[in-house]
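Hi everyone, thanks for coming. I'd like to walk you through one model today, so let me put it up on the screen.

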Amino acid sequence: MNYATIKWYDISNGPGVRTSLYVSGCRNHCKGCFNPETWDFSYGKPFTKEVEDEIIKSLEPDYIFGFTLLGGDPFEPENAKVLAPFMKRLRAAYPNKSFWCFTGYNFESDLLTGKQGDFEDVMDILNTLDVLVDGRFEEPLKDLNLKFKGSSNQRTILVKQSLEKDEVVLWDEVSVV
């Protein structure tokens, strides 16, 4: 797997100061995507054990509120296979940090059904997340007033609560995660 970039002090992809990993590779190709260079799976640099270690270390300070995974798309099968063990390792190291992820895929119809990639990898990633922003970016629905998403069809989902209740539970701005 390759990654496009890492933002070490990101404040735009979830609450608080975060480390954000932009993976390479996306088959959604949403019109108006703000990151079309990340569609190419070979774009960027290899995601190595050294890069993993650097990300893990970056979350040590108390002022780093959490980690965000985006791209490209983390749930492309090639990416999920690599990210699943990394995310489990990251969550084990930081059980109390906030973990967010952005995907163009739909939580219920793509991720929870096994339609998108290896179901075990997908569930391993989902089980490490606090929040998932799902859905393709739809340019006609673009709204600059939305918090942490680009178009009004996208949802900000509380993952653990949604999995427990077997229904989508949405995040709101008063939620801390």
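**A glycine, some cysteines and two cores**

Let's start at Gly72, which is buried, at a relative accessible area of 15% (buried is under 20%, exposed over 50%, partly exposed in between, with a 1.4 Å probe and protein chains only). A word on the source: this is a predicted model, where local features need pLDDT of at least 70 and side-chain atom pairs count only at pLDDT 80 or more, while totals for chains, interfaces and linings use all residues. Residues are numbered from 1 along each chain as its sequence is written, and side-chain values use heavy atoms, leaving out hydrogens and water.

Gly72 sits in the loop between strand 4 (64–71) and helix 2 (77–93); helices (H or I, at least four residues) and strands (E, at least two) are DSSP runs numbered from the N terminus. Its C-alpha lies 4.8 Å from that of Ser24, 48 residues away along the chain. Beyond neighbours within four places in sequence, Gly72 contacts Val23, Gly25, Cys26 and Thr38 (heavy atoms within 4.5 Å).

So, how many disulfides are there? Zero, taking a disulfide as two cysteine sulfurs within 2.5 Å. For Cys26, the nearest cysteine sulfur is that of Cys30, 6.1 Å away. Cys26 is buried, at 8%, whereas Cys33 is partly exposed, at 25%.

Now the cores: sets of buried Ala, Val, Leu, Ile, Met, Phe, Trp, Tyr and Cys residues joined through side-chain atoms within 4.5 Å. The largest has 33 residues, and Leu90 is among those with the most contacts inside it. Helix 2 gives the largest share, six residues. A second, separate core of ten residues includes Trp100 and Phe148.
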